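Please open the model in a viewer and keep the sequence panel beside it. The tour below proceeds by selections, each followed by a description of what is found there.

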Amino acid sequence: MDSEIDIRKYNPNSYKKLFSEFKWNIPTQFNIAEAICDRHTKNKNQIAIYYHENYDTITKHTFLSIQSQANQLCNLLQELGIKKGDRIAIMLSQSPNMAISLISTYKIGGIALTISHLAGSEALKYRLTNSESKILITTSDIINKFKSVLENIKTLKFIIVDSELKENNYINFEELSNFSPNFETVKTLANDPAHLLYSSGTTGSPKGILHAHRLLLGLIPCWQLNYGLAPKEKDVFWGPAEWAWLGGIGNLIYPAWYFGMPVVATSRTTIFNPESALSIIEKNKVTACYFVPTVLRMIRKKIIFPQKKYDLSSLRVIVAGSEIVGTDIINWCNQYLKVPLNELYGLTESPPVLSTCSELSRIKSGSIGSPAPGHQVEILNQNGKINSSEEIGEIVIEKHTPVMFLGYWQNPEATKNKFLNEWFLTGDLGYKDKDGYFWFISRKDDMIKSSAYRIGPGEIETVLNQYRAVLESAVIGKPDKLRGSIIKAFIVLKPQYQNNENMVNDIMQFVKNRLATYAYPKEIEFIDNLPKTSNGKIKRYLLKN
C-alpha cells in the first residue's frame, strides 16, 4: 500500500533533516473511510480490531468485515434519505459498531458527530439540537436513560440501536443484514467536512469544532514520531480514551488504521481499572499505548511494580497528552514500565503539532516537544510579533496546516476571533528554548498574577508531583488583598502517606528550593480526588469556587 504521507520515506535518522525535507502530499479528493478501511480489505484476514467487551472475551474483526457492515449501514442511511453533509450523531463506546458507524458516515459523505457515552442529558440535548443531527446511533441503555430528551428533539429523524428495541420503531443493527454489503463511497474533497466535536469549555455553551477529511493526513507525521517511527512489525495499538474524543481516534486509532495496523477496543461500562488495563496489554501483546497522564497516575497508585505482576515485554512506547505529563510520570514509565514516554501537544481545533520521539533523541524532560514535520509553531508576544527564545507568550500555530479545523459550527465570529493574520491562537502560554523545544506554562485564563509576578500553574504542579508523598496536584490563584493572588495547591497524597503540618512546610520548601521564593504555594489543601473532565483534564474552575 502506498500511503500519501509516511515520514519513513525520508529515512529519518536525523530530526533536522526530516523536518527540512518533509513535504505534504494532500490529494484533491480524499475520504477518511477509504484511507483507514477500504484499501486494507484485499487481505481478507487482516485484523482491524481486537475487541474486549468490558475487558472480557476477545473477538477479532477484520477490515473486510467492518467494511461490509459499514457498506450495509450506508445503504440503510441512503434509504432513510441521508445525504452528503448531513450530521450523524454517534454515542457509543469503543467497539466494532462504533468503527462501523464512523466509517459509514464518512463513506456516505456525512458529518460524524461523536458524543461521549458518558454525557448527561443537557450535553446530549445541546449537541443534537445545535448540530441538527438527523440520525443518532447509540445503545439501548442510553435510549432508556434519555428517552424523554430524545423524543423532543425535532431535527432527529431516526435512531439506530446496537440491540433490539421494538418500541418507537427504533432501527437495530441486526437489520443491516437486509442490505447489500456493497456501496460506492461518495466522492469527497480533502477539504470537505467530515467530523464534528464539541468543546468542553469552562464557560458558555460548548462550541462545535468542524474538521475536514484532510485531518487524517495532517495527523500522520506527529503520530509516527510519537510512536517511535511507527508503524513497526507486529505493532498493536491501544488506549482507554473514548473514540468520541479526537484524542482517542486522532492520537491513536485512525493513524494506526491508515497503515493497516490492528487496535484493541475495550467497551467498558465501569470506571477505569488499572489492573484490567495492564491485563489488556499482556493478553493482546500491545506494543504502543496512548494515555492521559491521569490514567498513568492511577496505574502508578494501584500497582507499584507492574512488571513483576504482568508480562509487559511487548510494550515498546507510551504516548501521553491532553494535560501536563510531568517528569515524575516520565521517570516512572522508564523505571517501572521499562519503556520511553513520548509527549504530544495540540488542541481539538488543531490536533498534535508538537511531538517528542525517543528514537530520534528528541526528548527534553518537561518539554511538550518541538514541531512535527509540516507544522509551524511559534510564540507570539502581546504586540502580535514572534518572540525571541525563552520569552513567554502565546503558543500559535500556522493556520494552513492540514490538521487545522474548518471553523466553529455555525459561529463565524468565534472562528474569526481565534486567528491573527496567519496564526491560530491556542490560548496557551509558553516559551521556546534555544534548541526549538516548547515549554507549556498555563492556559491564559489560568495564569496566576501574584505581586509583580506572573506564574503558570503547570510548572508548580510539575515540581509538586516530584515530592515523595504527592500522587497528583492542581494549582490555582486564590484572591488576596495584599498580593492580588496567592498560590494555592490542592494535593492528593499517595495511599501510604498522611498529611501533617511538617509535611505542609516541607512541601512549601521543596517547591521554593526548586522554583523561586515567589513561586511556591502559600496555602495547601489535601483532598481525596481532583475534579476532572471525562477525558482527565483538571477542572481548575471548580477548585476556585
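Which elements each supply at least two residues of the lining of the second largest cavity? They are α8 and α9. The model is a predicted one, and the tour begins with these helices.

**First stop: the helix pair**

Select residues 215-226 for helix α8 and residues 246-258 for helix α9. Two packed helices are described by the angle between their axes and the distance between the axes. Here the axes come within 9 Å and cross at roughly 85 degrees. The angle falls in the range of 65 to 115 degrees, which means that α8 is roughly perpendicular to α9.

Next, display the side chains at the contact. From α8, select Leu215, Leu216, Leu217, Leu219, Ile220 and Trp223. Their partners in α9 are Leu246, Gly250, Asn251, Leu252, Tyr254, Pro255, Ala256 and Tyr258. Classified by residue type, this contact of α8 with α9 comprises 12 nonpolar residues, two polar ones and no charged ones.

**Second stop: the cavities**

How many cavities of 30 Å³ or more does the count give? The count is two.

For the largest cavity, select Ile32, Tyr106, His195, Ala212, Leu215, Leu216, Leu219, Leu246, Ile249, Gly250 and Tyr254. These residues line a space of about 70 Å³. The elements that contribute two or more residues to this lining are α8 and α9, and α9 gives the most, with four residues. By class, the lining of the largest cavity has nine nonpolar and two polar residues, and no charged residue.

For the second largest cavity, change the selection to Leu219, Cys222, Trp223, Asn226, Tyr227, Gly250, Asn251, Leu344 and Pro352. The space within the second largest cavity is about 50 Å³. In this lining the largest share comes from α8, with four residues. Six nonpolar and three polar residues make up the lining of the second largest cavity, with no charged residue.

Leu219 deserves a separate selection: this residue appears in the α8 contact with α9, in the lining of the largest cavity and in that of the second largest cavity. Gly250 of α9 likewise appears in the helix contact, in the lining of the largest cavity and in that of the second largest.

**Third stop: the loop after α8**

Move to the loop between α8 and β10 (237-238), where Pro231 is found. Most residues other than glycine have a negative phi, and most peptide bonds are trans. The peptide bond joining Ala230 and Pro231 is cis, with omega about 0 degrees. Lys234 is also in the loop between α8 and β10; Lys234 is not a glycine, yet has a positive phi of about 70 degrees.

**Final stop: an aromatic pair**

A search of the whole structure finds 21 aromatic pairs. One of them is formed by Tyr126 and Tyr198, which are edge-to-face, 6.0 Å centre to centre, with 85 degrees between the planes. The pair links distant parts of the chain, with Tyr126 in helix α5 (residues 121-131) and Tyr198 in strand β8 (residues 193-198), 72 residues apart.

Methods. Residues are numbered from 1 along each chain as its sequence is written. This is a predicted model: local features need pLDDT of at least 70, side-chain atom pairs count only at pLDDT 80 or more; totals for chains, interfaces and linings use all residues. Side-chain values use heavy atoms; hydrogens and water are left out. Axes are lines fitted to C-alpha atoms, for helices over the stretch in contact, and angles run from 0 to 180 degrees between N-to-C directions. Angles under 35 degrees count as roughly parallel, over 145 as roughly antiparallel, 65 to 115 as roughly perpendicular and the rest as oblique. Contact means heavy atoms within 4.5 Å. Ala, Val, Leu, Ile, Met, Phe, Trp, Tyr, Cys and Pro count as nonpolar, Asp, Glu, Lys and Arg as charged, and the others, Gly among them, as polar. On a 1 Å grid over the protein atoms alone, a cavity is a set of points where a 1.4 Å probe fits but cannot get out, and a pocket is an open set with protein on both sides within 12 Å along at least five of seven lines; lining residues have an atom within 4 Å of a point. Grid points are joined across faces, edges and corners, and a volume is the space filled by probe spheres set on the points. Rings of Phe, Tyr and Trp (its six-membered ring) pair if their centres lie within 6.5 Å; planes under 30 degrees apart count as stacked, over 60 as edge-to-face and the rest as tilted.
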